[in-house]
Amino acid sequence: MATRPSFQSLKVGDAPAPLVCGPLTRTQFVRYAGASHDFNPNHHDEIYAQAHGNKAVFGMGMLAGAYCARLLTDWLGDGALRRLRVRFASRFWPGDVLTCTAAVTAKRAADGLIDCEFTCANQHGEVIIRGDATAALPI
């Protein structure tokens, strides 16, 4: 287990090693559907998804968000996140490999908080989600 960074040890621009997830499978989509209670058939029913104009089932945006949250909590520690905002940019499909990256964008010494921006992109470099987070770190 990596040591949790302190507020002083991090600088604007610091980043964790990327988190690479995949190739993703339909089974992972179904498992996430069960955990999140997101049973939209576009995520698990191939015939339904294709009948509604999709090339296949596609992953839930919040699954990609969960991978980014994992990157941040693995780096900053459990319980450090105070805010996490996600903006969906594109879909991802079975077989895609997602890479999550993040970096410190600001430090707020008055309250011991750091701000980060993060993205999750597929193997072609297409951004799936982008977002920002705030974390409280030990001083």
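A residue counts as buried when its relative accessible area is under 20%. By that yardstick, seven of the nine residues of β4 are buried, so this strand is largely enclosed by the rest of the structure. The model described here is a predicted one, and strand β4 is a handy place from which to start exploring it.

Strand β4 belongs to an open sheet of five strands, arranged in the order β1-β3-β4-β5-β2 with antiparallel pairing. At the edges of the sheet lie β1 and β2 (81-88), each of which pairs on one side only. On average, neighbouring strands are turned by 20° against each other, direction ignored. As general background, strands of a sheet pair through backbone hydrogen bonds, either parallel or antiparallel.

A walk across the sheet can begin at β1. This strand pairs with β3 in the antiparallel sense over three bridges, and the bridge partner of C21 is L98 in β3. Next come β3 and β4, an antiparallel pair held over nine bridges, in which T99 stands opposite A121 of β4. These two strands form a hairpin with four residues between them, and G112 in the turn has a positive phi of about 70°.

On its other pairing, β4 runs antiparallel to β5, and nine bridges join the two. Here A121 has V127 of β5 as its bridge partner, while I114 is matched with A135 in β5. A hairpin is formed by β4 and β5 as well, with five residues between the strands and a positive phi of about 85° at G125 in the turn. The walk ends with β2, which pairs with β5 in the antiparallel sense over seven bridges; R85 has D132 of β5 as its bridge partner. Strand β5 is mostly covered, with eight of its 10 residues buried.

The loop between β4 and β5 also holds N122. Is this residue buried or exposed? Its relative accessible area is 7%, and the cut-off for buried is under 20%, so N122 is buried. Leaving aside residues up to four places away in sequence, N122 touches D96, V97, L98 and I128. One of these contacts, L98, is the residue already met as the bridge partner of C21.

Attention can now turn to the helices, starting with α1 (residues 26-36). Its buried residues are F29, Y32 and A33. They cover an arc of only 105° around the axis, which puts them on the same side of α1. The other side of the helix carries the exposed residues T27, R31 and A35. After α1 comes H37, whose phi is positive, near 65°.

What lies over the buried residues of α1? The cover includes α3 (61-76). In general, two packed helices are described by the angle between their axes and the distance between the axes. For α1 and α3 the packing angle is about 90°, and the axes are 10 Å apart. That angle makes α1 roughly perpendicular to α3. At the meeting place, Q28, F29 and Y32 from α1 come into contact with M62, L63, A66 and Y67 from α3. Of the α1 residues in this contact, F29 and Y32 are among the buried ones.

Helices and strands come together in the largest nonpolar core, which has 34 residues; Y67, L72, L76, F92, L98 and I114 touch the most other members. Two or more residues each come from β1 (19-21), α1, α3, β3 (98-108), β4 (113-121) and β5 (127-136). The greatest contribution is that of α3, with eight residues. More generally, in soluble globular proteins, nonpolar side chains tend to be buried together.

Which residues does F92, one of the core members, touch? Not counting residues up to four places away in sequence, its contacts are L24, F29, F58, G59, M60, G61, L63, A64, L98 and I128. Several names in this list have appeared before: F29 and L63 take part in the meeting of α1 and α3, L98 is paired with C21 across the β1-β3 bridges, and I128, like L98, is touched by N122.

Methods. Residues numbered from 1 in each chain as written. Predicted model: local features only at pLDDT ≥ 70, side-chain atom pairs only at ≥ 80, totals over all residues. Heavy atoms only, no water. Buried < 20%, exposed > 50% of the residue type's maximum accessible area, 1.4 Å probe, protein only. Arc of directions from axis to C-beta. Contact = heavy atoms within 4.5 Å. Core = buried A, V, L, I, M, F, W, Y, C linked by side-chain atoms within 4.5 Å. Pairing = 2+ DSSP bridges. Axes fitted to C-alpha atoms, helices over the stretch in contact; angles between N-to-C directions. Parallel < 35°, antiparallel > 145°, perpendicular 65-115°, else oblique.
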